[in-house]
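Me: Please give a close account of the salt bridges here, and then of one arginine side chain and its surroundings. I should like each term to be stated with its cut-offs.

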Amino acid sequence: MISFLFDFHVHFSFKPANSANFTSGTEPDPDHWRERLGMDHFSLASLGEKTVIKSSQINGNACTLGLHRVLCNGLYPLERGFIRNSIINSISTLTGFSLKSLRDLESCRSSYFAALEQEYHNLLAHQNDPTFSKHGNVYMLVNSFQEIMQNINTDTNILNILNSVEGGHAFAGDIRDANGIVVDIMAAEKRHIKSLFNGGAGDIDFKQYITLLAQNIDHVKSQWAHIPFFVGLSHHYYNHLAGHSPSLTTVVNTALSQYGSTVDQNDTTKTIDVFWLGIHPWGQGILNKLLSRITANGSPTRRVLIDIKHMSPQARLDYYGILDRMIQNNPGERVPIIVSHTAVSGRRDTRRSIDNDYVMFDDEKDNCRFFYSGFGETLTHRFEGIINLFDDEIVRIVNSDGLIGLMIDERRIMGRFLPPESGFDKKSEFNKIAKKSGKALNAIVKCNHRITRLLKDLSSDPTNAEIQQKIQDLQREREAQERIRDDNLHLLKASYLSVIMRQIFHILDLTGEKGWDHLCLGTDYDGVINPIDIYAQCSDMLTIFDDITLFWEDMMDHDDPDIRNLYRRHLHGKTTEFWIHKLLLLNGMNFLKKYFNDGYLRNGINPQTGWVLTNAEETTLSFNGA
């Protein structure tokens with residue numbers, strides 16, 4: 001058993017900021033603690049997903065039950081690319097957003113930056129308030145490792161929230177013409193590039209867009225009480241700063257296409273697909289502003305680190321080059337590379353893959369078989385998996401003293417084949433059981449949704465026998481579905497755990513024992529992901545420490561000597577509990593001690609690399625029975 005968990009990437013405040021309170025109708029919802037259930041529309045759920053979780057994957061009460069206590073919360077304005085009139089009800093169901101908030105965003109009554117500020121201020125306004133908590137505890141926004149340790153020493157049930165931002169679009173405002181009509185920024189960008197190519201001054205609307213984006217970053221870095229610890233430059237849709245990797249499944253991408261192109265800066269008669277695009281020069285300016293410790297007016301502020309998740313491979317290479325030049329110009333500079341929620345691709349070299357149009361090399365096929373890396377053999381599939389880390393990137397991140405958050409999104413961590421210790425000979429057999437589990441989970445969520453609504457009706461009519469009977473019938477149905485799901489999860493557990501362990505072992509094979517210090521959990525709960533079934537919600541994380549350690553120990557006694565040796569050699573002379581404790585808590589806290597403080601972020605004092613937690617701090621953070 002572990003005392004609590006560190007999670008490098010969740011969306012704790014995403015749904016409350018954009019939905020109405022269940023009881024009062026207040027919007028945004030001040031309640032960050034309840035489970036949200038949206039079951040009115042199901043059309044998007046039929047787009048090929050095994051299961052689409054329509055209840056909130058993370059909330060304060062679930063965090064309390066699942067031992068989540070230190071959370072990097074990704075503030076995120078939903079991108080307009082997700083909002084299409086034909087499926088807006090389904091988007092409301094999946095995100096938990098009210099139709100009003102979606103319509104405001106769609107119609108540009110609300111800008112991305114306005115949505116970002118609303119989410120932050122709604123989170124800020126209700127910290128340290130136990131009103132909605134079932135357990136009487138609170139969440140608190142924090143600015144340093146020291147504040148977290150103080151909270152832990154005061155009350156281990158406090159949820160410590162670190163701000164981050166997912167997507168550079170979050171700082172964008174809407175540019176309007178003289179008639180008040182919102183300018184098409186994609187068209188403005190193309191005019192801008194063509195103008196610069198021909199020696200002109202650029203497009204005035206596009207320059208205003210970038211200027212406003214930079215000003216909004218300065219506003220956050222000078223006016224917010226809790227400056228984000230890191231920002232992801234790219235996200236699901238093109239934001240005119242850098243290229244991004246495809247992140248939606250092939251079927252969903254048909255309805256909510258992430259594709260797009262812009263003008264090639266080196267030859268404006270050509271276009272370039274955004275999946276191939278690197279970082280624009282003005283995108284580098286925004287990146288430098290985030291990393292800067294000085295605002296536009298010369299005031300000192302905190303550096304904001306860059307999260308490479310969702311960047312295109314070329315954009316990631318561009319970023320590494322920027323860091324190399326920074327260090328070359330200032331040998332004392334240090335910027336740890338972080339990726340808050342990711343997985344392994346198995347592909348060997350980023351540059352080589354780009355130059356080969358992402359077609360997989362023969363020497364990668366065996367390396368990739370247990371990871372989401374796409375087929376890389378046809379145009380349709382070659383982009384799949386480029387969102388995950390290449391081998392050369394993993395080495396670079398570890399050598400930069402960075403941190404890798406491992407996802408639990410089934411779409412990101414599962415390969416075409418299952419490891420031999422998974423318990424299944426064929427992936428198709430696994431898929432059948434997983435589908436049954438998914439159906440049972442959705443049935444449970446439906447029951448919970450209907451029970452919740454009936455309980456609300458019963459509160460105003462307590463003696464209504466018909467409502468009472470309906471609730472009892474639904475409770476029996478839920479219990480039956482829970483038994484079905486439990487039976488299937490028992491069959492699936494070894495598969496999911498073997499996939500997690502193979503991710504870890506691949507990273508360690510590239511980096512040695514040193515790699516163990518740079519791995520943590522980055523679930524992406526309530527990023528509308530498809531989490532592995534054994535951890536469908538963060539409350540399920542209660543068992544993760546025991547699950548992994550016991551599975552690892554079982555594998556060291558496996559009948560197959562290759563499997564037995566694989567699991568034994570990655571111990572490096574330590575116990576399973578030692579490494580899993582580091583993975584789930586200590587590595588993240590060690591990283592925060594080094595970099596989440598004014599000394600580094602504001603004053604530029606480089607911390608000691610390696611392990612910096614003291615014995616006393618480790619004792620405070622220790623797992624039960626240590």
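Reply: Relative accessible area sorts residues into three classes: buried is under 20%, exposed is over 50%, and partly exposed lies in between, with a 1.4 Å probe and protein chains only. The model is predicted, so local features need pLDDT of at least 70 and side-chain atom pairs count only at pLDDT 80 or more, whereas totals for chains, interfaces and linings use all residues. Residues are numbered from 1 along each chain as its sequence is written, and side-chain values use heavy atoms, with hydrogens and water left out.

The structure contains 32 salt bridges, where a salt bridge is a side-chain nitrogen of Lys or Arg within 4 Å of a carboxyl oxygen of Asp or Glu. One of them joins the side chains of Arg103 and Glu106, at 3.2 Å from N to O. Both residues belong to helix H3 (residues 99–106) and stand 3 residues apart, about one turn of the helix; helices are DSSP runs of H or I with at least four residues, numbered from the N terminus. Glu106 is partly exposed at 27% relative accessibility, and Arg103 is partly exposed at 32%.

A further salt bridge links Arg351 and Asp355, with an N to O distance of 3.3 Å. These two residues are 4 apart in helix H11 (residues 350–355), about one helical turn. Arg351 has a relative accessible area of 35% and is therefore partly exposed, whereas Asp355, at 57%, counts as exposed. Elsewhere, salt bridges with shared partners connect Asp29, Arg34 and Arg36 in one network.

Arg396 and Asp324 also meet in a salt bridge, at 3.2 Å from N to O. Arg396 lies in helix H13 (residues 391–399) and Asp324 in helix H10, so this pair ties together parts that are 72 residues apart in sequence. Arg396 is partly exposed at 31% relative accessibility, and Asp324 is partly exposed at 39%.

Helix H10 (residues 313–329) also holds Arg316, the arginine chosen for the close view. At 1% relative accessibility, Arg316 counts as buried. A polar atom of the Arg316 side chain lies 3.0 Å from the backbone oxygen of Met311. Taking contact to mean heavy atoms within 4.5 Å, and leaving out residues up to four places away in sequence, Arg316 touches Ser245, Ile308, Met311, Ile386, Ile387, Asn388, Phe390 and Glu393.

How values were computed. A polar contact is a pair of N or O atoms within 3.5 Å; within protein, one must be able to donate a hydrogen and the other to accept it, and residues adjacent in sequence count only if both atoms are side-chain atoms.
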